[in-house]
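Have the model open beside you and try each exercise before reading its solution. Each solution goes step by step.

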Amino acid sequence: MNLKALKHITAAAMLLAAAPSTLLAGSITAKGSDTLVILAQKWAEVYMGKHTDTKIQVTGGGSGTGFAALQNRTTDLANASRKIKPAEVAECIKAFGKRPTEYKVALDGLSIYVNAENPVGELSLEQLEKIFTGKVKSWREVGGPDAPIVIYSRENSSGTYEFFKEHVLKGADFAASAQTMPGTAALLQAVAKDKNAIGYGGAAYGAGAKHLKVKATEATPGVEPSQEAVMGGTYPIWRYLYIYVNPNIDKDEIAAYLSWIRSDEGQKLVHEIGYYPLPADLRSK
Amino acid sequence: MGLKRGHQAHPIEWLVERGIFLVATTAILMVFLIFVFVAREALPVFLGQTNSSLVQEVLPVEKMNTLTPVELQKYLGLSAKQYRELDRESIRALMEVKIEGATEASHDKDAGLNTTAWRYLIGPHQWTGYERPAYIWQPVSQIHKYNIVPLLIGSLKVTLVALLFSVPLALGAAIYVSQLASTRAREWLKPSIELLAGIPSVVLGFFALLVLATLLQKLFGYQGRLNALVAGVALGLAVIPVVFSIAEDALSSVPRSYTQAALALGSSRWQTAWQIVLPAALPGVFAAVVLGFGRAMGETMVVLMASGNASIVSGSIFDSTRTITATIAAELAETVFGGHHYRVLFMLGTLLFIITFVSNLAAGQVITHLKSRMEGKR
């Protein structure tokens with residue numbers, strides 16, 4: 001009886017002694033892109049289920065917020081839906097002496113959304129550029145009804161906005177008349193209610209909305225943003241999603257976690273969330 | 001100050017008095033500190049010290065061995081402390097990044113312009129790719145375009161719609177409640193109108209986004225779902241309780257003798273309210289409208305959600321519009337701390353403060369003028 005109680009007490013004491021050290025040892029924070037936040041949370045959840053001694057905290061706020069936190073060393077991992085800019089690299093070097101390490105962690109196809117009543121089924125990249133820069137103003141010019149095109153865009157703090165501007169508009173400005181929505185969900189809501197609307201957003205949000213096939217050039221056929229098309233590179237509007245890390249701390253738990261994310265196991269979750277997994281040659285072994 | 005009755009204040013009373021004085025001045029101090037903070041962040045823009053030009057001198061990496069430490073620090077934008085902490089390898093990496101940044105900068109004809117200069121902040125300019133000179137707010141772009149004219153127009157347009165919608169309603173309600181309504185009606189009307197003030201603006205915005213936008217579109221049959229009209233009407237709902245409560249107070253505080261004299265001379269209740277009480281309460285009613293204007297200018301959430309936020313220069317209330325407040329709310333979180341975008345947003349904040357401050361000041365003048373005229377001093 002006494003012996004048993006003693007055993008219990010020793011076990012409890014050992015647990016207490018062990019607890020703080022494991023908490024300190026295995027705590028990882030990830031911050032950044034709102035596009036990546038759902039996926040990052042899923043990764044963290046599954047990984048924590050397998051490695052009970054590791055604790056992972058994920059927060060959003062935008063790619064830029066993540067980079068700022070990486071510079072201030074208030075986060076271990078910076079999630080990003082765009083590449084880091086030279087000015088941000090410079091700040092990182094000033095803070096910890098090295099360039100942050102870049103990991104590609106998933107693929108994302110950007111879908112072009114229109115209202116369900118819109119008869120237009122496909123557009124070429126060139127037509128998209130003209131529509132979103134405001135050069136084409138009527139649906140009739142791209143094979144639709146005689147109605148003005150209402151453009152819905154994202155706030156300029158969004159990584160998706162910057163990506164779309166760079167890759168579809170080739171760096172030109174969005175039409176001034178483009179309405180800006182605070183998130184992809186709000187944008188889809190607006191497109192669903194406006195029969196002349198056109199908008200863009202991550203493919204993961206697309207359930208229920210009508211998306212267009214996109215042609216790389218006038219001559220090529222329109223392509224659906226499917227997994228094969230995005231991974232094979234035939235769908236023209238896609239991007240990598242990244243995680244950046246301070247190379248000085250890229251070891252032990254953090255390195256193990258990053259490697260797990262890019263393994264077959266981690267990439268399986270990417271598909272569940274609605275993004276596209278990395279091609280085999282970019283995965284970790 | 002005050003009455004002297006020949007005995008000294010008790011020391012504890014003196015202490016309490018000072019304490020209360022301190023509490024009373026805290027609010028003023030806070031407002032002052034906030035203004036100092038906002039103005040300090042915006043000052044470089046006002047003084048023309050910011051530079052958003054993309055063209056900058058770039059040195060080859062090998063130069064790091066020939067430059068003096070001071071020159072190197074200046075070139076890389078490092079503080080002396082940062083420079084001491086970095087090794088040669090890091091400095092080399094910084095030199096390389098600087099070159100990458102320069103090669104990535106566009107070869108646009110406008111790349112060398114300092115777009116934060118006042119000329120580009122308020123004047124039109126024909127940017128590359130545009131057919132004619134225009135007022136463009138596109139801060140996240142190859143060339144950062146910070147023209148504040150579309151935002152100023154947006155803010156004023158939405159505010160105007162809100163006031164046109166809310167002031168007649170609020171004043172009408174105030175006249176009815178204070179002059180014409182029976183005591184019982186007044187007892188439940190007044191608190192229910194004032195209850196509107198308790199609706200959080202984000203809820204109002206959500207209501208405007210989902211319900212009001214559809215309703216008004218059906219009513220007027222215009223193109224864009226979200227526009228200055230929707231935002232203005234929703235904003236008006238937030239302004240009504242402010243204007244109502246102050247106007248109602250002003251109307252109720254007109255001396256009863258005025259009403260009684262008018263009624264005794266044979267005026268109807270309607271004539272009394274319209275021709276006697278309203279003119280007598282005019283300074284207070286005017287103050288109510290000015291406060292409503294301030295509330296409408298400064299409101300953020302409603303306009304962010306319901307205006308569509310397109311930064312266009314247009315006089316039509318059926319066009320989408322972007323206000324100063326919504327711009328600051330949407331963009332500040334992602335800007336580089338201390339960068340030119342950050343500074344321009346703070347400049348907009350200061351501008352907003354100045355607009356409300358000047359309008360309040362001017363209103364104060366008008367009110368004293370009205371009062372002195374009413375009291376027969378001129």
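The exercises below go from chain A as a whole to its strands, helices and loops, and then to chain B.

This is a predicted model, in which local features need pLDDT of at least 70 and side-chain atom pairs count only at pLDDT 80 or more, while totals for chains, interfaces and linings use all residues. Residues are numbered from 1 along each chain as its sequence is written, and chains are lettered from A and ligands numbered from 1 in the order in which they are written.

**Exercise 1. Describe chain A and its domains.**

Step 1: Start with the elements. Chain A holds 10 helices and 11 strands; these are DSSP runs numbered from the N terminus, with helices being H or I of at least four residues and strands being E of at least two.

Step 2: Look at burial. A residue is buried if 20 or more other C-beta atoms lie within 10 Å of its own, exposed if 12 or fewer, and partly exposed in between, with C-beta atoms placed from the backbone. By that rule, 44% of the 285 residues of chain A are buried.

Step 3: Divide the chain. Domain 1 of chain A covers 3-108 + 240-282, and domain 2 covers 111-236; such bounds come from an automatic or database domain assignment. Their C-alpha centres are 32 Å apart.

Step 4: Find where the domains touch. Two residues are in contact if their C-beta atoms, placed from the backbone, lie within 7 Å. Here 15 residues of domain 1 of chain A meet 11 residues of domain 2 of chain A. On the domain 1 side, helix 3 (63-72) and strand 4 of chain A are the elements that give two or more residues.

**Exercise 2. Place strand 11 of chain A among its neighbours.**

Step 1: Check its surroundings. Strand 11 of chain A (residues 238-245) is largely enclosed by the rest of the structure, because 6 of its 8 residues are buried.

Step 2: Find the partners; two strands pair if DSSP finds at least two bridges between them. Strand 3 (residues 77-80) of chain A pairs with strand 11 of chain A in the antiparallel sense over 4 bridges, and A:Asn79 has A:Ile243 as its bridge partner.

Step 3: Turn to strand 4 (residues 101-114) of chain A, which runs antiparallel to strand 11 of chain A with 8 bridges. A:Asp108 is bridged to A:Arg239.

**Exercise 3. Which residues of strand 2 of chain A form its covered face, and which its uncovered one?**

Step 1: Sort the residues of strand 2 (residues 55-59) of chain A. A:Ile56 and A:Val58 make up the covered face, while A:Lys55, A:Gln57 and A:Thr59 make up the uncovered one.

Step 2: Add the neighbour. Strand 1 (residues 27-32) of chain A runs parallel to strand 2 of chain A, joined by 5 bridges. A:Ile28 has A:Ile56 as its bridge partner.

**Exercise 4. Examine two loop residues of chain A by their phi angles.**

Step 1: Recall the usual case. Most residues other than glycine have a negative phi.

Step 2: Take A:Arg73. Its phi is positive, about 60°, although A:Arg73 is not a glycine. A:Arg73 sits in the loop between helix 3 and strand 3 of chain A, and is partly exposed, with 13 other C-beta atoms within 10 Å.

Step 3: Take A:Lys170. Its phi is also positive, near 55°. A:Lys170 is in the loop between helix 6 (159-167) and strand 7 (179-181) of chain A, and is exposed, with 12 other C-beta atoms within 10 Å.

**Exercise 5. Trace how helix 11 of chain B packs.**

Step 1: List the buried residues. In helix 11 (residues 269-280) of chain B, they are B:Thr272, B:Ala273, B:Val277 and B:Leu278.

Step 2: Locate them around the axis. They cover an arc of only 140°, so they are on the same side of helix 11 of chain B; the arc is that of the directions from the helix axis to the C-beta atoms.

Step 3: Name the packing partners. These are helix 6 (149-180), helix 9 (228-252), helix 10 (256-264) and helix 12 (282-298) of chain B.

**Exercise 6. How many residues of chain B are in contact with chain A?**

Step 1: Count both sides. 35 residues of chain B are in contact with 29 residues of chain A.

Step 2: Find the main source on chain B. Helix 4 of chain B gives the largest share of that side, 7 residues.

Methods: Expected span 1.5 Å × (residues − 1).
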